[in-house]
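Opening my notebook on a new structure today. I'm jotting things down as I look them up.

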Amino acid sequence: MVSIKNLNLTEVKRFAQSLGEACKSGNFVIGFVGPLGAGKTTFIKSFAKSFGIKKIKSPSFLVMNTHKRGKRKFYHLDFYRLKNIHELEHLGIWEILNEQNRTVVVEWVDILPKMKKYCNFIIKLQIEKNNRRDVTII
């Protein structure tokens, strides 16, 4: 577990982008947890810049957005509105998890706890005083 405390939003974005650089190759599934407004989507936007993705929108209503850069796919999922793991089947989640050249980021992964076991790591964002954030990698 790695914990970085008391970051301002600029520092969170910088950290996210450097983590993205480290995860550009390989097949990663990264879960995100934290309260509303903690910065999950903001973190993912900066993370995705490392993959050449300039525009990320939260897929809260769609559940999943897919971005393709060359042979690499970047999947952005949001479980906020889901009730059970079976709701992911129509998205092809099992096929996605078996793909090569892909990165999957999942906001609100804690809503479907069974999906945590597929994560290489989980990033927890916590809001602190003065609009600061604590970032913990589990």
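I started at the front end of helix 1, where a side-chain oxygen of N8 comes to within 3.0 Å of the backbone nitrogen of T10. Note to self: this is a predicted model.

Next I checked the length of helix 1. It covers residues 9-22, and at 1.5 Å a residue its 14 residues should span 20 Å. The end C-alpha atoms turn out to be 20 Å apart, so that agrees.

Which residues of helix 1 are buried? I found V12, F15, A16, L19 and G20. They sit on the same side of helix 1, because they cover an arc of only 140° around the axis. That fits the textbook rule: an α-helix has 3.6 residues a turn, so residues three or four places apart point the same way.

Then I looked up what covers those buried residues of helix 1. The cover includes strand 1 (2-7), helix 2 (40-49), strand 6 (121-127) and strand 7 (133-137).

On to the sheet. It's an open one with 7 strands in the order 1-7-6-2-5-4-3, and the pairing is mixed. Strand 1 and strand 3 (64-69) are at the edges with a single partner strand each, so one side of each has no neighbour in the sheet. From one strand to the next, the twist averages 15°.

I zoomed in on one pair. Strand 6 and strand 7 run antiparallel and are joined by 5 bridges. L125 stands opposite V135 of strand 7.

Last entry: helix 2. It lies across strand 2 (28-33), strand 4 (72-78), strand 5 (102-107), strand 6 and strand 7. Relative to strand 5, helix 2 runs at about 165°.

Definitions and conventions:
Residues are numbered from 1 along each chain as its sequence is written. This is a predicted model: local features need pLDDT of at least 70, side-chain atom pairs count only at pLDDT 80 or more; totals for chains, interfaces and linings use all residues. Side-chain values use heavy atoms; hydrogens and water are left out. Helices (H or I, at least four residues) and strands (E, at least two) are DSSP runs, numbered from the N terminus. The expected span of a helix is 1.5 Å times one less than its number of residues. Buried means under 20% relative accessible area, exposed over 50%, partly exposed in between (1.4 Å probe, protein chains only). The arc is that of the directions from the helix axis to the C-beta atoms. Contact means heavy atoms within 4.5 Å. A polar contact is a pair of N or O atoms within 3.5 Å; within protein, one must be able to donate a hydrogen and the other to accept it, and residues adjacent in sequence count only if both atoms are side-chain atoms. Two strands pair if DSSP finds at least two bridges between them. Axes are lines fitted to C-alpha atoms, for helices over the stretch in contact, and angles run from 0 to 180 degrees between N-to-C directions.
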